[in-house]
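Me: I am new to this structure and would like a close look at a single part of it, followed by whatever helps me place that part in the whole. Please take your time and keep the account connected.

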Amino acid sequence: MEDEELWNMLKQGHRDALEKIFRQYVRILYAYGNRFTQDTALVEDCIQDLFQEIWHKRDTLGATDSIKRYLLGALRYGIIRKLRQGASFSSLQDTPSREFQLTLSVEEVLMAEEQTQLERTALQNAILKLTPRQREAVYLRYFQQLSYDEVAKVMHISYQAARNLTYQSLKHLKQYLSAIRALCIVGSTLFF
Amino acid sequence: MTNEHHRYDHYLAEDFAQDSWFIQWVKAKDQNSRAFWDKWLVEHPEKNEVITEARSLVQLIHSQEKEPSQAQIERIWQQVEEGLENQPKVVIMNPTRQYGSWQKVAIVAAGLALFVISFLLLRDTTRIIRSEPGQQISYTLPDRSVVTLNAGSEIAFDASDWENQRRVRLVGEAFFEVEPGSRFQVVSEGGSVEVLGTSFNVYARNERLGVACYSGKVKVSATQGRAAQLLTPGSGIIVTEHEITSFSVDIQQKVEWRTGSFIYDNVPLSEVLEELERQYNLEVELHAEIQDKNYSGQFTNDDLTGALQMICLPMELTYELDSTTKKVIIRPE
């Protein structure tokens with residue numbers, strides 16, 4: 001079923017449509033949400049709140065051409081709001097990091113080549129050097145395969161800003177990629 | 001197309017890695033993008049290195065997703081549902097208008113009356129839940145038992161009589177997680193399955209009934225009036241017109257089709273291809289001389305080319321896929 005049709009059924013009060021949307025997107029939302037915090041229970045709460053909210057305000061929901069983009073954006077907003085509340089109420093406790101988590105796979109890229117601890121560290125550093133926003137943009141673009149326009153809407157930034165964030169990240173990663181390659185060559189000349 | 005070809009002439013690796021069409025080629029590997037990029041590479045041999053680098057960049061961005069378990073999903077949904085019921089539903093037709101509290105009561109009362117009247121008028125309470133080809137759906141029955149339908153399957157039950165009789169008709173394949181309570185019955189062409197509270201998988205297509213028990217006890221009665229069989233966790237049987245065969249079930253593992261993979265051990269090729277048709281919403285044409293072959297192996301429902309290769313390669317078959325008409329022709333090599 002097309003997104004628009006499903007969304008309209010929800011707006012007309014079809015509970016099946018709500019459940020269908022839930023089951024279709026809960027995995028994506030869960031994965032995305034858990035990149036903002038280690039607190040799985042908080043993510044679950046936010047997903048619950050999100051679906052209850054869209055049900056209760058279904059009469060006033062706007063049209064959307066992409067349910068996925070709408071849900072990702074709404075969940076993002078909910079999680080960040082909750083994390084902020086948590087931070088102000090319990091400054092004594094460990095506040096969950098608002099860092100957007102992203103790990104990259106060296107395996108895929110250097111499949112044929114021997115991996116050393118050095119390479120792993122180099123890659124890990126490359127990711128740590130990205131800002132949380134850069135990581136998030138890269139995630140939405142490459143994992144969730146959103147368009148720049150959609151990335152911009154989810155993150156509440158301009159189209160150009162979304163492009164810049166991913167472009168900067170890629171440039172950065174490219175440097176590290178060449179560094180890793182160089183390490184591999186150095187490694188092999190040392191050992192053989 | 002010429003424009004498309006020239007658009008990339010001055011791209012750097014990071015430009016390619018940002019391009020949707022390029023990403024599609026690296027990630028989805030579909031035929032259209034592959035045809036384009038293969039050709040482009042032949043025409044631009046000097047770009048080989050840049051392309052390799054750009055591919056690495058796209059592949060680099062790949063990571064482990066945190067996946068919720070089925071139980072977690074059900075729990076979240078249950079809590080969503082509870083929240084829906086707790087709040088009185090007042091449908092405000094005109095959002096700018098404010099209702100007084102007595103008006104709200106009147107609206108709720110009117111809504112209730114309407115509900116009761118329509119309930120009395122519309123006595124046909126048979127519910128039919130159907131999954132389309134290429135789609136798996138979960139449905140919560142009135143007693144909170146959960147049934148997950150594999151692609152191209154259908155269940156029907158009488159909602160008004162559910163409290164007296166928990167009975168579901170099934171055509172296709174489904175996984176049941178039954179809440180404890182009175183007898184729960186799944187009726188199919190090949191026979192029926194009865195349980196009290198348990199989880200089990202039922203395959204009911206082409207007069208073939210396959211049942212796998214994951215927890216509790218399951219009673220299977222074949223239509224042909226043979227003695228009923230009692231299944232315990234970890235056991236399963238396949239009932240056909242001619243025979244009953246037992247098999248063992250790994251209850252630690254999720255039923256394969258629920259994870260998107262389909263595993264076969266010496267199963268008629270036609271049956272395997274029917275599943276492929278349902279998972280990918282395709283039409284498969286099988287050459288006459290290979291119709292009787294049996295297949296052992298597996299395929300997954302997220303990569304069509306891969307699935308076709310998994311089926312065809314070991315059996316020395318070739319396939320032709322027309323992605324616009326969604327038709328596949330399979331013949332001997």
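Reply: In this predicted model, a good place to begin is strand β12 of chain B, which pairs with strand β13 (residues 244–248) of chain B in the antiparallel sense, over 5 bridges. The link between β12(B) and β13(B) is a hairpin that passes through 4 residues, and one of the facing pairs can be named, since B:I238 has B:T245 in β13(B) as its bridge partner. Strand β12 itself covers residues 235–239 of chain B, and 4 of its 5 residues are buried, so that the strand is mostly covered. β12(B) also pairs with strand β9 (residues 208–215) of chain B, again in the antiparallel sense, here over 4 bridges. In that pairing B:V211 stands opposite B:I237 of β12(B). As a general point, side chains in a regular strand alternate between the two faces of the sheet.

From this strand one can step back to the chain that holds it. Chain B has 10 helices and 18 strands, and 43% of its 333 residues are buried. Among the contacts in chain B with a separation of 6 or more, 46% are between residues 24 or more positions apart. The accessible surface of chain B comes to about 18,300 Å², and carbon and sulfur atoms account for 51% of that surface.

Another strand of chain B, β7 (residues 191–195), holds B:E194. With a relative accessible area of 17%, B:E194 counts as buried, because the cut-off for that word is under 20%. Leaving out residues up to four places away in sequence, B:E194 touches B:R183, B:F184, B:Q185, B:K217, B:V218 and B:K219. One of these, B:K217, is 23 residues from B:E194 along the chain, while the C-alpha atoms of the two are separated by 8.7 Å.

Charged pairs give a further view, and a search of the whole structure finds 17 salt bridges over all chains. In one of them B:E275 and B:R278 are joined, with their closest N and O atoms 3.1 Å apart. These two are separated by about one helical turn, because they lie 3 residues apart in helix α9 (residues 269–280) of chain B, and both B:E275 and B:R278 are buried. A salt bridge between strands is formed by B:E320 and B:R331, whose closest N and O atoms are 2.8 Å apart. Because B:E320 lies in strand β17 (residues 317–322) of chain B and B:R331 in strand β18 (residues 327–332) of chain B, the pair ties together parts that are 11 residues apart in sequence. B:E320 is partly exposed at 43% relative accessibility, and B:R331 is likewise partly exposed, with a relative accessible area of 29%.

Salt bridges that share partners also join A:E19, A:R23 and B:E74 into one network. Within it, the side chains of A:E19 and A:R23 meet at 3.0 Å, taken from N to O. A:E19 and A:R23 are about one helical turn apart, because 4 residues separate them in helix α2 of chain A, and both residues are buried.

The nonpolar residues complete the picture. The largest nonpolar core has 48 residues, of which A:I47 and A:F51 touch the most other members. Several helices of chain A give two or more residues to this core, including α2 (15–33), α3 (40–56) and α9 (159–191), and α6 (70–86) of chain B does so too. The largest share, 10 residues, comes from α2(A). Beyond its neighbours within four places in sequence, A:F51 is in contact with A:L18, A:I21, A:F22, A:L29, A:L71 and B:V80. A second, separate core has 31 residues, among them B:I137, B:V186, B:C213 and B:V220.

Finally, the predictor's confidence deserves attention when reading any of this. Chain B has a mean pLDDT of 79, and 83% of its residues reach 70 or more. Within chain B, confidence is highest in strand β5 (residues 166–177), at a mean of 89, and lowest in helix α1 (residues 2–7), at 62. Over residues 87–99 of chain B pLDDT stays under 50, and for these residues the model has 16 contacts beyond four places in sequence. For the complex, the predictor gives an ipTM of 0.73 and a pTM of 0.44.

Notes:
Residues numbered from 1 in each chain as written. Chains lettered and ligands numbered in written order. Predicted model: local features only at pLDDT ≥ 70, side-chain atom pairs only at ≥ 80, totals over all residues. Heavy atoms only, no water. Core = buried A, V, L, I, M, F, W, Y, C linked by side-chain atoms within 4.5 Å. Buried < 20%, exposed > 50% of the residue type's maximum accessible area, 1.4 Å probe, protein only. Contact = heavy atoms within 4.5 Å. pLDDT = per-residue confidence, 0-100. Pairing = 2+ DSSP bridges. Areas by Shrake-Rupley, 256 points an atom, 1.4 Å probe, with all protein chains shown as cover. Salt bridge = Lys/Arg side-chain N within 4 Å of Asp/Glu carboxyl O.
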